[in-house]
Protein chains: 4
Amino acid sequence: MRAACKLKVRDSLATTSVILRRFLKLGATMAKSKFEYVRNFEADDTCLAHCWVVVRLDGRNFHRFAEKHNFAKPNDSRALHLMTKCAQTVMQELEDIVIAYGQSDEYSFVFKRKSNWFKRRASKFMTLVVSQFASSYVFYWRNYFGDQPLLYPPGFDGRVVVYPTNQTLKDYLSWRQADCHINNLYNTVFWALVQQSGLTPVQAQRRLQGTVTADKNEILFSEFNINYNNEPVMYRKGTVLLWQKVDEVMTKEVKLPAEVEGEQKVVTRTRMKPAPLHCDVIGDAFWKEHPEILDEDS
Amino acid sequence: MRAACKLKVRDSLATTSVILRRFLKLGATMAKSKFEYVRNFEADDTCLAHCWVVVRLDGRNFHRFAEKHNFAKPNDSRALHLMTKCAQTVMQELEDIVIAYGQSDEYSFVFKRKSNWFKRRASKFMTLVVSQFASSYVFYWRNYFGDQPLLYPPGFDGRVVVYPTNQTLKDYLSWRQADCHINNLYNTVFWALVQQSGLTPVQAQRRLQGTVTADKNEILFSEFNINYNNEPVMYRKGTVLLWQKVDEVMTKEVKLPAEVEGEQKVVTRTRMKPAPLHCDVIGDAFWKEHPEILDEDS
Amino acid sequence: MRAACKLKVRDSLATTSVILRRFLKLGATMAKSKFEYVRNFEADDTCLAHCWVVVRLDGRNFHRFAEKHNFAKPNDSRALHLMTKCAQTVMQELEDIVIAYGQSDEYSFVFKRKSNWFKRRASKFMTLVVSQFASSYVFYWRNYFGDQPLLYPPGFDGRVVVYPTNQTLKDYLSWRQADCHINNLYNTVFWALVQQSGLTPVQAQRRLQGTVTADKNEILFSEFNINYNNEPVMYRKGTVLLWQKVDEVMTKEVKLPAEVEGEQKVVTRTRMKPAPLHCDVIGDAFWKEHPEILDEDS
Amino acid sequence: MRAACKLKVRDSLATTSVILRRFLKLGATMAKSKFEYVRNFEADDTCLAHCWVVVRLDGRNFHRFAEKHNFAKPNDSRALHLMTKCAQTVMQELEDIVIAYGQSDEYSFVFKRKSNWFKRRASKFMTLVVSQFASSYVFYWRNYFGDQPLLYPPGFDGRVVVYPTNQTLKDYLSWRQADCHINNLYNTVFWALVQQSGLTPVQAQRRLQGTVTADKNEILFSEFNINYNNEPVMYRKGTVLLWQKVDEVMTKEVKLPAEVEGEQKVVTRTRMKPAPLHCDVIGDAFWKEHPEILDEDS
């Protein structure tokens, strides 16, 4: 009697999607072998429930990569826009990312608190993020670098960090943006000293040793007539990616009766897209303006 | 007195390499902010010492990817060779991989037992493998698919599994190769039924339900005159990548005295490269032939 | 020069406390041996920062233990009070426990969110809790069971669970108290049926199969004239342990000048002690009354 | 139709053992509440398969404990024997421990490679070991300390370490025995200097600073006429616990026909018991003599 039940259950499962899955990758029963016990060595890496899951990726050896591809110093606008394009692709192709933040050769992706994507397995989160990012980097390279060839395929490392409270998540993003500020100010002065004053890198490094923010601003202003606050905001603040409504204007071919010619019709559609912002995330204003990011039920 | 000591030590550290690192990415002291405490939320994910570390990656939604790119069924030779090219790139760009094994849209990479690469951090292992693989997939696509365009950047998921003994490692690789065999035999019959006998996928799936290996071999032989053992070995066994000495013939321009023309000279150099094999890894023969793989001191 | 520095540093470290530590357990340098590399196999098990850490322990095979020691059914008051005495000892001997909750043969201990006790290592938390509890169980046995001998030393298992938010912590405690209620109601009816109506355990179990709370209350009332709500609150609600101010009356010997006899003086001292409550923790009232429990800065 | 199937399956599960379990601790279905989701926060802590699992425990604040209970210095024989009695109890009450090693206030327990006790959950291993040890410590105290009262219940911390190979396991035990040797030699000289030569602890510590093994042996011999190798082997080597066949002589009452008086009969039974050895485990001899310890199939 139970055997009969089982057969019926199995039968009812044999839907089309299951059949399709089966002839691509064989079902569990077929693949069983005496070696299958090795699956028991896989460790569980579930991220703690109800926490913010952050994946941060970094370019591997991007100093060398930047030199080989003649990136502008201290910032290469093309490279930063390519990073952002890749991050947008990640947000669109993967599930449950609510906000991303990038600067230099790094990008952080925040999954929603109650995401149950791939049962919150850390390895799935980080490998799907970095692989999608890496393939996109090569795929979209020519959109930003045109005919300049990509010399070799780059690598990215990634990690997962779990934040239990809204405050710790905000502090994480603040940490990355503070890091962006400190690095960019330093690099802006450093490269001005090298490129405009003709110092060697070692001389420039020595010149800056022990200086604080005010010192660096003063050097920029007095020696190079640069007001740091007028530097491009994308360089100073990095890039925040948020889901925003976008009106998409589409041109659609309309099928008409045979006697008239085909016509094109303009259609407007509203979609959610990850839109770049270059704003401060350290103060409260950003979080008040975008309460939906931290709202657990969003 | 201790302050003096500390200064001297710090001074002696300020070597060229440190200076270079500093003006690329700022030193720890400069980047410190009140937000830095968030680093404490990063968990340690060190792989158990003295164990084999395996990273296995899988194409994400490769059923759809294969259809969109018209992959031949049941095996697309170009796609398999591209996978192997990416795996070779991973072995060459990363450290300490001693053997890799691939089939279908998956590849496994085995790091040497006593590797201390990135202090054995699992997240480093898996993200560097999948990101290098993914960027290589796009980078080398045209080498295998020529003018057929890549329609979108693919994703790959990855995982780390740790094996404590030589036997469990061998059983892991045997498991993947047994999986290759079972899937490929099934797919070979399935697609013969669909492509040559005109069955629908559902009909083919029903026809094969409950059949064992001998049944499938019999169908192939009696209905399609196919001897499964004569099918291409790469399809039946998958691909093993091993480091092997390769003689590289290089053409080198030789500088000569001004009065004579420049000449080219042929130079042979021996290098280690990851070479593809399509052999059985389940039996003992393979491991006897390649004792260096499991030899802990290699 | 650096060697000289090192010597001085080492010297300055040799303070009294270090000396004392050294002759108890030898310093790191002396214990170093070629085997010491095995320490690298210890895994990090730090609990996620800023989260509530809960250790729950359960008696091992306490069904048998209860039978061997003739515990009253469905509740043995002596055993429950002993459990609470052990839990109080745990709270007093260990650090940073803010609340505990016990019922039946289990007790849960909640460490404060920002505790850094033993660097938040899960193994330290759980082993110190269960070992202190287990040794106290034997130590205080005779205070509750008098001359009835303890037949063998009991075991307890333990686990660590980490809760990221106040809501999840409250829900954890509510879960245990709901479990107490469901079990105690069931056991109260079950043992009334067995002890008073003379049913066998299997008959009693069958009688209760499929019954809901209202059914069980009805059986108790109509068949045994028991109003469940009048059952002892400790049985129905379990025991909450909270730190409360206690006035301790101490008798202190007072040293006096030689010509008069020593006298005793009564001194009142206010101390914090873990006090037992048998109240509802599921509703909001408890948490409003004791806001200091969840207050992160307490 | 499927509902009917489910009912039957559920019915067939309601076997006697399930009934028994149910009226001890209520079944899963009854305990379910809206709070039960909090179980999802429990992390998996399975020990890697096919590896040696070691639990090591240490007395908490045993320096103070030893002083309060007037332990003899440098070794208290009663305290060491009590430790060993507790370790034997742990081996007998728990499953799958193949060897234990103890010295000073610590004990290590090695579970067999392929143990599946509690599904290899690390928290179960360590909490059951330390709690059984701690309750036994109090329970058996009077067997070793007689009328000297135990002043308070002691605590023990514990940890789990996983070793993948026989070599690393042997090196672990060697590490602990080397530690025993180094500490005991140091303590023997130290306390001779304090107890016999009247040095203060600080003076003794200074006297020994920088000395190597030969120096310490020399001090013992020339100043105290002690040949360290003649010190008790339990102090020098610690205690190994191995399962050994023991002939138990039991006195059994024999029921006889009514006409004769009851008699007592001496019966010999062979049982496995954890027997103490004080031998070297660093060299090969021990492992050759006891091959069953490392034999995976034992």
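In the UniProt record, an unreviewed entry, residues 35-164 of chain A carry the annotation "domain: tRNAHis guanylyltransferase catalytic". The model examined here is predicted. Across residues 35-164 of chain A, helix accounts for 36% and strand for 22%. The C-alpha atoms at the two ends of this span are 39 Å apart.

The unreviewed UniProt entry also assigns the feature "binding site" to A:D58 and A:D105. These positions span 48 residues in sequence, yet no two of their C-alpha atoms are more than 5.7 Å apart, so they gather at one spot. A:D58 belongs to strand β1 of chain A, residues 52-59.

Chains A and B share an interface. On the chain B side, 76 residues make contact, and on the chain A side, 74 do. The area buried between chain B and chain A is about 6,500 Å². Carbon and sulfur atoms contribute 64% of that area.

Polar interactions also cross this interface. Between chain B and chain A, 18 residue pairs are in polar contact, with both residues of each pair at pLDDT 80 or more. On chain B, the side that touches chain A draws at least two residues from each of α2 (16-24), α3 (28-31), β1 (52-59), α5 (77-93), α6 (122-145), β4 (156-163), α7 (166-195) and α8 (201-208). By residue class, this side of chain B comprises 39 nonpolar, 18 polar and 19 charged residues. Salt bridges between chain B and chain A number 6. One salt bridge pairs the side chains of B:E42 and A:R159, with an N to O distance of 3.3 Å.

The symmetry of the pair was examined next. Two copies of a chain are related by a rotation about an axis and a shift along it. For chain B and chain A, superposition takes a rotation of 180° and a shift of 0.0 Å along the axis. The RMSD of this fit is 0.1 Å. This is therefore the relation of a two-fold axis. Both copies use the same surface: of the contact residues of chain B, 97% recur in chain A.

Backbone geometry was considered last. Most residues other than glycine have a negative phi, and most peptide bonds are trans. A cis peptide bond links A:K73 to A:P74, with omega about 0°. A:P74 sits in the loop between α4 (62-68) and α5 (77-93) of chain A. In chain C, C:K73 and C:P74 are likewise joined by a cis peptide bond, with omega about 0°. The loop between α4 (62-68) and α5 (77-93) of chain C holds C:P74. A:N225 has a positive phi, about 55°, although A:N225 is not a glycine. The loop that contains A:N225 runs between α10 (213-224) and α11 (233-237) of chain A.

How values were computed:
Residues are numbered from 1 along each chain as its sequence is written. Chains are lettered from A and ligands numbered from 1 in the order in which they are written. This is a predicted model: local features need pLDDT of at least 70, side-chain atom pairs count only at pLDDT 80 or more; totals for chains, interfaces and linings use all residues. Side-chain values use heavy atoms; hydrogens and water are left out. UniProt positions are given in the numbering used here, feature names are shortened, and annotations may be inferred rather than shown by experiment. Helices (H or I, at least four residues) and strands (E, at least two) are DSSP runs, numbered from the N terminus. Contact means heavy atoms within 4.5 Å. Buried area is the accessible area (1.4 Å probe) that two parts lose on being put together, summed over both. A salt bridge is a side-chain nitrogen of Lys or Arg within 4 Å of a carboxyl oxygen of Asp or Glu. A polar contact is a pair of N or O atoms within 3.5 Å; within protein, one must be able to donate a hydrogen and the other to accept it, and residues adjacent in sequence count only if both atoms are side-chain atoms. Ala, Val, Leu, Ile, Met, Phe, Trp, Tyr, Cys and Pro count as nonpolar, Asp, Glu, Lys and Arg as charged, and the others, Gly among them, as polar. Copies are superposed by least squares on the C-alpha atoms of residues with pLDDT of at least 70 in both.
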